[in-house]
Amino acid sequence: STRKESSAASDVYKRQFVILVSTILVNNYIFAQFLGVCPFLGVSSKTDTAMGMGIAVTFVVVLASALTWLIQIFILNPLGIAYLQTIAFILVIASLVQFVEMFIKKASPALYTAMGVYLPLITTNCVVLGVAVLNIQKEYNLIETIFSGFGASVGFTLALLFMACLREKLAIGNVPKPLQGVPIALVSAGLMALAFSGFGGLV
């Protein structure tokens with residue numbers, strides 16, 4: 001029985017590790033599933049802003065993943081109103097974003113000013129809602145849901161930072177005039193998506 005318990009625990013840890021690696025690299029929500037492209041392009045002009053947005057999104061995604069899972073399992077499913085999933089999840093996400101916005105405004109006014117209009121846009125960031133919905137569709141338990149949310153937000157943050165570093169270098173580089181700004185950013189994002197596709201089959 002001890003061997004069976006050890007094997008079961010090993011399988012659980014392995015599954016959690018696979019979920020984490022998959023959401024960060026293999027199925028990155030920006031490069032593989034094309035969710036969250038708007039903030040990805042809008043907030044990736046500076047590394048400081050990108051990091052701040054990444055931290056805010058991580059906090060919101062992890063909490064939203066856990067809360068939406070609890071709401072789905074203990075409220076929507078038992079009451080037979082699972083069809084209200086999208087509305088319920090959006091309300092939870094909007095409330096969390098308001099909380100994060102107030103916290104950042106008090107804790108770091110400079111970061112709040114730097115983020116500008118992009119902080120409220122977390123409410124409509126399809127990464128947050130996409131992670132919450134996919135966690136339910138994949139029938140994850142609570143721990144797996146939290147791992148999935150954390151991995152997705154880490155992958156999102158990495159994508160933001162990579163793009164911000166690249167765009168800072170491109171800003172001082174010799175880029176042809178027709179490609180300056182958003183066009184070269186889109187080309188760079190496409191190349192990074194191709195690079196991330198190399199992780200396919202890793203897990």
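## Helix α4

In this predicted model, the buried residues of helix α4 are Gln-85, Ala-88, Phe-89, Val-92, Ile-93, Leu-96, Val-97, Val-100, Glu-101 and Ile-104. The list includes nonpolar residues such as Phe-89 and Ile-93, and it also includes Gln-85 and Glu-101.

Helix α4 runs from residue 85 to residue 107 and has 23 residues. From its first C-alpha to its last, α4 reaches 33 Å, which is close to the 33 Å expected at 1.5 Å a residue.

## The nonpolar core

How many residues does the largest nonpolar core have? The core has 42 residues, and those with the most contacts inside it are Phe-31, Phe-40, Val-60, Phe-89, Ile-122 and Val-128. At least two residues of this core come from each of α3 (47-79), α4, α6 (126-137), α7 (142-171) and α8 (182-197). Helix α3 gives the most, with ten residues. Phe-89 is thus named twice: as a buried residue of α4 and as one of the core residues with the most contacts. In soluble globular proteins, nonpolar side chains tend to be buried together.

Phe-40 is another of the core residues with the most contacts. Leaving aside neighbours within four places in sequence, Phe-40 is in contact with Ile-30, Phe-31, Ala-159, Leu-160, Met-163, Ala-189 and Met-192. One of these partners, Phe-31, is also among the core residues with the most contacts.

## Ser-65 in helix α3

Ser-65 lies in helix α3. Is Ser-65 buried or exposed? Ser-65 counts as buried because its relative accessibility is 2%, and the cut-off for buried is under 20%.

Not counting residues up to four places away in sequence, Ser-65 touches Val-131, Asn-135, Thr-145 and Gly-149. Ser-65 and Leu-129 are 64 residues apart along the chain, and their C-alpha atoms are separated by 8.6 Å.

## The whole chain

The secondary structure comes to eight helices and zero strands. Read along the sequence, the pattern is α-α-α-α-α-α-α-α. Taken along the principal axes, the C-alpha atoms fill a box of roughly 65 × 40 × 30 Å.

The chain has 203 residues, of which 40% count as buried. Among contacts between residues at least 6 apart in sequence, 78% join residues at least 24 apart.

## Surface and charge

The accessible surface of the chain is about 11100 Å², and 69% of this surface belongs to carbon and sulfur atoms. The chain has 11 positive and 7 negative charges, and the mean positions of the two groups are 7 Å apart.

Technical notes. Residues are numbered from 1 along each chain as its sequence is written. This is a predicted model: local features need pLDDT of at least 70, side-chain atom pairs count only at pLDDT 80 or more; totals for chains, interfaces and linings use all residues. Side-chain values use heavy atoms; hydrogens and water are left out. Helices (H or I, at least four residues) and strands (E, at least two) are DSSP runs, numbered from the N terminus. Buried means under 20% relative accessible area, exposed over 50%, partly exposed in between (1.4 Å probe, protein chains only). Contact means heavy atoms within 4.5 Å. Accessible areas come from the Shrake-Rupley method with a 1.4 Å probe; for residues, only the protein chains shown count as cover. Lys and Arg count as positive and Asp and Glu as negative; His and the chain ends are not counted. The place of a charge is taken as NZ of Lys, CZ of Arg, CG of Asp or CD of Glu. The expected span of a helix is 1.5 Å times one less than its number of residues. A nonpolar core is a set of buried Ala, Val, Leu, Ile, Met, Phe, Trp, Tyr and Cys residues joined through side-chain atoms within 4.5 Å.
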